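Please report on the ligand site, one sheet and one helix residue of this model. Short sentences will do.

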Amino acid sequence: MNLEGKRILLGVSGSIAAYKSADIASQLGKSGADVHAALTANAAQFVGVPTFRALTRNPVLTDTFEEPDTKRIAHIELAQSADLVLVAPATANILAKMAHGIADDMLTTCLLATPQSTPLLVAPAMNTQMWLHPATSENLRILQARGVQVIPPGSGLLACQDVGEGKLAEVSEIVAAVMATLGTAQTLAGHHLLITAGATREPLDPVRFLTNRSSGKMGYALAQEAIRRGATVTLVSGITNLPPPHKANLVRVETAEQMLKACLEALPSVTGIIASAAVADYRPLQVADHKLKKREGEEEVVLRLAKNPDVIAELGRRKRPEQRSIGFAAETQDLLANATRKIAAKNLDLIVVNDVLKEGAGFDVDTNIVTLVWRDGKRNALPKMTKAEVSRHILDAYSELPRWRGQF
Ligand code: CTP
């Protein structure tokens, strides 16, 4: 498989198996990948920085935190632009740090700065007792729940002379796992998706606004996954703190009206729409030019609001019959009845319903619990999973939607 154009961050932690990472770097590089190695201080004791520099033809990240260009933070940019991150070998120590968000060196800092939507693979290598220790099992469970893919170690004679589990998986197996992940079938090649994400922000005066708790994580995960599947993505984003997905055409907006304008501009050229943004239904009727002052004796104030446009409903009215559209419904009660009503009102092909009151669902968490509801009434209730995984289910469903409504 050709990995041309794919950027891989290869994390190497301090196990004797670190010498095998040089082979991994070499094989990935020969397949066309742009490999960037990041070594922990212990890894650098086992295998030299110049080896990785020569094999990858890229600077090697180590613990020196020397940034050649002071205007950029190269290691953060790298973490955010990687198409895949592989930690091989992954020691018990680095798995523990990853599970608990510890960033105390260059590699763990890069790992923490990697967007949740970037595929992350770990190939553990350690002594059998360490591998079997409940702490390691628990850390792996945490990581897997977050969508981290574990390439399990094999059994054999270990460097400590023990015989048992903990041996780094074969290099060929690790490279194959990378290929399988990056080689995601380009099922959306030729598609152009318009994705809305994040919260809108409706100003009241120069210092205040109305907004909501949306983090934008779901929409950004969808954009990332659609790009991996070969789609062109126009991401119309409200307020988030997330780094923009690599290669998305990002249009930043603040208010619902700005979001509608940006979406209407994109509409003629897209093949489908996914509306995951949490759009404010109302905005302050008047936006004051100056900061509103409190008045003596005024214990209550009434804020008058004006109705905002419904972005996806407006797109639903104007879209061509072959343009498919998917909406979201954030509900706290009568989930399915509300979902069915919204499918009709917004002319959707599919709606993704979530009960935002459930733990592990909704706003500002990395997981979601959703039910997909189709226009013909078909449903698929998914268990709790990461937003990256939810996005895969949504895009699988998107790909299978009939092109013409008449086919329902
Ligand atoms: N939506 C939109 N523009 C709005 C409101 C919602 O585009 N002004 C979109 C959302 O992006 C989502 C879907 O409509 O895809 C449903 O959003 P939701 O907030 O669940 O529903 P509302 O239509 O706002 O209905 P209600 O608040 O009454 O539940």
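Which backbone N or O atom lies 3.0 Å from a nitrogen atom of the ligand, that is, in which residue? The residue is Pro 309. This is a predicted model, in which local features need pLDDT of at least 70 and side-chain atom pairs count only at pLDDT 80 or more, while totals for chains, interfaces and linings use all residues. Residues are numbered from 1 along each chain as its sequence is written, and side-chain values use heavy atoms, with hydrogens and water left out.

**Ligand site**

The table lists polar contacts to the ligand (pairs of N or O atoms within 3.5 Å).

| Backbone atom of | Ligand atom | Distance |
|---|---|---|
| Pro 309 | nitrogen | 3.0 Å |
| Val 311 | nitrogen | 3.0 Å |
| Ala 330 | oxygen | 3.1 Å |

On its own, the ligand has 570 Å² of accessible area, and the protein covers 79% of that. Accessible areas come from the Shrake-Rupley method with a 1.4 Å probe. Two elements give two or more residues to the shell: helix H12 (311-318) and strand S16 (324-331). S16 supplies the largest share, four residues. Helices (H or I, at least four residues) and strands (E, at least two) are DSSP runs, numbered from the N terminus. In total, 14 residues surround the ligand. Ala 275, Ala 277, Phe 328, Lys 342 and Lys 346 come nearest. A residue counts as near if one of its heavy atoms lies within 4 Å.

**The open sheet**

Five strands form an open, parallel sheet in the order S2-S1-S3-S4-S5. Its edge strands are S2 (34-39) and S5 (149-150), each pairing on one side only. Pairing requires at least two DSSP bridges between two strands. S4 (residues 120-124) and S5 are joined in the parallel sense by two bridges. In one of the bridge partnerships between S4 and S5, Leu 121 is matched with Gln 149 of S5. Helix H5 (residues 92-100) lies across S3 (84-90) and S4, at about 140° to S3. That angle, on a scale from 0 to 180 degrees, is taken between N-to-C directions of axes fitted to C-alpha atoms, for helices over the stretch in contact.

**Arg 53**

Arg 53 sits in helix H3 (residues 49-56). Is this residue buried or exposed? Arg 53 counts as partly exposed because its relative accessibility is 45%; buried means under 20%, exposed over 50%, with a 1.4 Å probe and protein chains only. Beyond four places in sequence, Arg 53 touches Asn 58 and Val 60. Contact means heavy atoms within 4.5 Å. His 36 is 17 residues away along the chain, and its C-alpha atom is 8.6 Å from that of Arg 53.

Definitions and conventions
Polar contact = N/O pair within 3.5 Å; in protein donor to acceptor, adjacent residues only side chain to side chain.
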